[in-house]
Protein chains: 2
Amino acid sequence: MIPDEIKQFIDAFSRLPLLGPRQATRLAFYLLGLDKTSLQDLSSALKNLASLGVCERCFFVKVGGQKYCGLCSDPKRNSRNIAIVEKETDLLTFEKMNKWNGHYLVLGKLAERGIWEQNQKTRLEKLKERIIGELGGSADEIVIALNATSIGDFTADIIREEFKTLSKKITRLSRGLPTGGEVEFADETTLLHSFEKRS
Amino acid sequence: MIPDEIKQFIDAFSRLPLLGPRQATRLAFYLLGLDKTSLQDLSSALKNLASLGVCERCFFVKVGGQKYCGLCSDPKRNSRNIAIVEKETDLLTFEKMNKWNGHYLVLGKLAERGIWEQNQKTRLEKLKERIIGELGGSADEIVIALNATSIGDFTADIIREEFKTLSKKITRLSRGLPTGGEVEFADETTLLHSFEKRS
């Protein structure tokens with residue numbers, strides 16, 4: 001009863017995160033109301049992603065054919081400072097802060113139980129090689145910009161241990177009340193952190 | 001800093017319903033982790049939607065090149081009974097009920113203030129033509145399968161008035177407690193309806 005084109009669309013798109021079968025169905029009928037050019041644009045936008053690659057240095061996304069990503073190849077950035085983030089989208093938020101002029105390492109999504117993937121071991125090894133090969137064995141600062149969660153804490157401790165001889169300074173993002181946060185509604189752990197770090 | 005391909009993707013996809021810029025960004029990085037075949041499949045699934053058309057009879061979706069949709073051209077369905085639905089997705093839910101063997105009219109999304117779009121006027125005119133031309137001036141039943149909202153009520157009243165001479169019976173979906181619904185938590189309007197329609 002439904003044309004195959006719609007079934008195929010729902011099938012393909014309902015496998016994506018954020019979209020279940022219901023959402024994919026609604027999206028299909030929404031898209032059917034668009035003109036053919038808009039559909040073509042969306043289709044090309046999707047296909048064009050396939051041309052991108054992963055930066056071998058920091059593991060952020062890079063333009064196909066380029067050796068490094070735009071961040072690693074920017075001569076105005078200071079490669080002696082390295083922020084370790086979990087995901088590409090964390091990197092983007094970090095960049096929006098407009099305060100960081102160093103380089104990055106994208107570690108890759110941490111498993112829920114905190115077990116290291118081979119992927120992550122490889123990426124940390126690459127960072128070590130970077131520090132030894134490019135920075136004479138010591139970075140100026142490594143900022144561990146992981147989430148303030150128990151997995152983040154656990155991972156940060158391991159990184160701190162593994163890199164202790166490879167950077168002058170290893171820091172982590174501070175914890176406390178978020179801007180606009182009210183004491184009354186703060187959870188106990190947050191409040192305890194911001195109390196202990198009071199200044 | 002971000003490759004243009006990603007910017008274009010976010011730009012195009014954040015205009016879709018269900019996806020804001022944040023979700024489109026996350027989706028972009030998720031998609032970058034897929035193999036090229038999966039990206040190609042998604043891209044084609046999107047592009048292929050452009051080949052579909054709208055059935056001139058009931059305004060549901062139809063395969064390109066066909067005159068009518070699969071429902072209108074199914075000889076086993078009874079064209080003397082017509083269900084009027086608002087959206088294509090309403091039609092799909094109606095079909096899942098597995099109880100309706102009639103035809104449809106997809107009215108198109110109703111404006112929030114209940115003002116008729118030209119679109120909807122045209123579609124109702126087409127239904128009148130269908131009844132006069134194909135059914136000798138009178139359908140057996142028109143089921144007004146619109147939402148149980150004030151816009152739905154308002155629209156249903158107009159349709160009932162306009163089609164009163166064109167169908168032996170004009171009905172609307174009943175209202176009352178949903179299956180599994182508890183009296184204690186029913187809102188007053190629902191309860192009032194199910195009380196008045198008690199049997």
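Q: What radius of gyration does chain A have, when a compact globule of 199 residues would have one near 16 Å?
A: This is a predicted model, where local features need pLDDT of at least 70, side-chain atom pairs count only at pLDDT 80 or more, and totals for chains, interfaces and linings use all residues. Residues are numbered from 1 along each chain as its sequence is written, chains are lettered from A in the order in which they are written, and side-chain values use heavy atoms, without hydrogens and water. The radius is taken over C-alpha atoms, and the globule rule is 2.2 Å times the number of residues to the power 0.38. For chain A the radius of gyration is 21 Å.

Q: How many helices and strands does chain A have?
A: Here helices (H or I, at least four residues) and strands (E, at least two) are DSSP runs, numbered from the N terminus. Starting there, the order is α-α-α-β-β-β-α-β-α-β-α-β-α. The total is seven helices and six strands.

Q: Which relation links chain A and chain B?
A: Superposing by least squares on the C-alpha atoms of residues with pLDDT of at least 70 in both copies, a rotation of 180° with 0.0 Å of shift along its axis brings chain A onto chain B, with an RMSD of 0.1 Å. That is therefore the relation of a two-fold axis.

Q: Which residue of chain A has the C-alpha nearest the axis?
A: This C-alpha lies 2.3 Å from the axis. The residue is A:S43.

Q: How many residues does each chain bring to the contact?
A: Contact means heavy atoms within 4.5 Å. Of the interface residues of chain A, 100% are also interface residues in chain B, so the copies meet through the same surface. The number from chain A is 45, and from chain B 45.

Q: How much area do chain A and chain B bury between them?
A: Buried area is the accessible area (1.4 Å probe) that two parts lose on being put together, summed over both. Of the area here, 82% is on carbon and sulfur atoms. The total is about 4400 Å².
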